[in-house]
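The exercises below each set a task and then work through a solution. Keep the sequence and the model in view while reading.

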Amino acid sequence: MSDIRNELKYVASHEWVRVEGDGSVTIGITDHAQDLLGDVVFVELPEEGAEVETGDDAGVVESVKAASDIYVPLSGEIIAVNELLEDSPELVNSDPYGDGWFFRIKLSDTAELDGLLDAQAYGELCEDES
Amino acid sequence: MANKTALYDQHLAMGAKVVDFGGWDMPLNYGSQIEEHKMVRTAAGMFDVSHMTIVDVTGADASEYLRYLLANDVARLDVKGKALYSGMLNEDGNVIDDLIVYRMTDPHVPGEWFRVVVNCATREKDLRWMAEQTAHFDVALIEQPELSMVAVQGPEAIAKVKSVLNESRGRLIDGLSLFQGLESEGWFIARTGYTGEDGLEIVIPEDEISEFWQALAEAGVAPCGLGARDTLRLEAGMNLYGADMDETVSPLVSAMGWTVAWEPENRDFCGRAALEAEKTAGVTQKLVGLVMDSRGVLRGHQQVIVEGAGEGEITSGTFSPTLNVSIALARVPVGTKDQAMVDIRGKHVAVKVVRPPFVRNGKKVFS
């Protein structure tokens, strides 16, 4: 059973969102997603400072098995990207909710947060897919 | 209802992530396929390959039948136990399957027989084709579904296997040359594999396999799944049926030219006429290795662009855990030299064209 954390919000495309309380959010992929992908070997992330909109392509996660697009879950500006992933992409597997985070967005519209899934709804979605 | 091998419950107990593979529920990995891969390159790993199809070929014409059925020539097997890799071709000279055939008895003795191991995903069509070709031969094809098979591979594989077996089996293993297999007290032990490392493939009655697998695990042999099996074979430059070749291509465009025994000229084998015509007309493609030094992973079906020569396609691509770069096999125009481009999601990325294998016995081997 994959690890789904109550304090996080989720997107159906298997990203997690942590609301930081300063108008920004941190984003990564869920334990369920990393398990489906298998060993991650490269992560391509957006540029810091880029303006992004919900649904944009934000990069690619490549595992040994497959390439998977990363989508922007919320509109805003990319204010940080996880540089650890450049040399240690395996952090996405070993610590998807911690050191395996992808990027942070300064939100342009906090109302968009209402469209995210809570842990229970995301858990049900994973059940349905398996 | 999927088929399960005799080791299925042990796989689950060892934490296997199970996937469907050719109608069989098989382990994909037991956690990390990269760690499993590295265990095989540096120590020893084991694979349950009981899903593969074993067919024994017996009868007075066993040898003559196989000399007709296969593009490689079992007459080259001059010693008991010796193995041969071959394509089984259709009349168009294209590949129905690739297989290993072992000579199970001394050459030219009454009761001569052979063991053939074919892929599981192609089992039905292989058995049908093999049966159809028996028409003019006195042979029997005996499938052996009650036999299990384990591959133990890596620099420490042979020592680890010997450590859990009795002395007489140990002596038999010591006497095996590369690509040879012999019977020992109901087991068949062969020095073959699909990883580019030394090791053994062992055929065992299915009621004895569990104990052997458990003993190997306790001796420190890492259980490995299909994920590691694929990255290991690709580093070793070995073809995967259904990806690198199939019924639409011949061995001559699949880096399998060396498995076609043209001599003696008077040996008629399935597909020979078509292959000779292809050779005379001039082969237009070849299967090569690609290496990409930039970030990213080459994948099957990506387009290859060769300036001045035309276009090709990746047949298998992956990330190489040993080399830390992406590698691939690709079918490209015959005029391709040492450089090409690959279309990765619309971006053209430069790759080096090399002659496989990429890795042998733990070391990089291409230049």
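**Exercise 1.** Is B:A255 buried or exposed?

Solution. This is a predicted model, and the answer rests on a count of neighbours. Step one: around B:A255, 21 other C-beta atoms lie within 10 Å. Step two: a residue counts as buried if 20 or more such atoms lie within that distance. B:A255 is therefore buried. Step three: place the residue in the chain. B:A255 belongs to the loop between helix 8 and helix 9 of chain B. Its phi is positive, about 55 degrees, although B:A255 is not a glycine.

**Exercise 2.** Decide whether B:R345 is buried or exposed, and locate it in chain B.

Solution. Begin with the count: 12 other C-beta atoms are found within 10 Å of B:R345. The cut-off for an exposed residue is 12 or fewer, so B:R345 is exposed. The residue sits in the loop that runs between strand 18 (339-344) and strand 19 of chain B. B:R345 is not a glycine, yet its phi is positive, at about 45 degrees.

**Exercise 3.** Classify B:S163 by its surroundings and find its distance to B:L216.

Solution. B:S163 has 15 other C-beta atoms within 10 Å, so it is partly exposed. In chain B it is part of helix 5 (residues 157-163). From B:S163 to B:L216 the separation in sequence is 53 residues. In space, the C-alpha atoms of B:S163 and B:L216 are 8.7 Å apart.

**Exercise 4.** Describe how helix 2 and helix 8 of chain B pack.

Solution. First take the geometry: the axes of helix 2 and helix 8 of chain B are 8 Å apart and form an angle of about 55 degrees. Helix 2 of chain B is therefore oblique to helix 8 of chain B. The crossing of these two helices of chain B is right-handed. Next list the residues that meet. Helix 2 of chain B brings B:Q33, B:E36, B:H37 and B:V40, and helix 8 of chain B brings B:G227, B:A228, B:T231 and B:L232. Sorted by class, the residues of this contact are three nonpolar, four polar and one charged.

**Exercise 5.** Work out which parts of chain B touch chain A.

Solution. Start with the counts: twelve residues of chain B contact eight residues of chain A. On the chain B side, at least two residues each come from helix 2 (33-42), helix 8 (226-235) and strand 16 (310-320). The classes on that side are seven polar, three nonpolar and two charged residues.

**Exercise 6.** Compare chain A with the radius expected for a compact globule.

Solution. Chain A has four helices and nine strands. Their order along the sequence is β-β-β-α-β-β-β-β-β-α-α-β-α. For 130 residues, a compact globule would have a radius of gyration near 14 Å, and chain A agrees because its value is 14 Å. The C-alpha trace of chain A spans about 35 × 35 × 20 Å along its principal axes. As for burial, 38% of the 130 residues of chain A count as buried.

**Exercise 7.** Find where the cis peptide bonds from B:E263 and from B:P356 lie.

Solution. B:E263 is joined to B:P264 by a cis peptide bond with omega of about -5 degrees. B:P264 is in the loop between helix 8 and helix 9 (272-281) of chain B. The bond from B:P356 to B:P357 is also cis, with omega near 5 degrees. B:P357 falls in the loop between strand 19 (347-354) and strand 20 (359-360) of chain B.

Definitions and conventions. Residues numbered from 1 in each chain as written. Chains lettered and ligands numbered in written order. Predicted model: local features only at pLDDT ≥ 70, side-chain atom pairs only at ≥ 80, totals over all residues. Contact = placed C-beta atoms within 7 Å. Nonpolar A, V, L, I, M, F, W, Y, C, P; charged D, E, K, R; others polar. Axes fitted to C-alpha atoms, helices over the stretch in contact; angles between N-to-C directions. Parallel < 35°, antiparallel > 145°, perpendicular 65-115°, else oblique. Left-handed = near helix turned anticlockwise from the far one by under 90°. Rg over C-alpha atoms; globule rule 2.2 N^0.38 Å.
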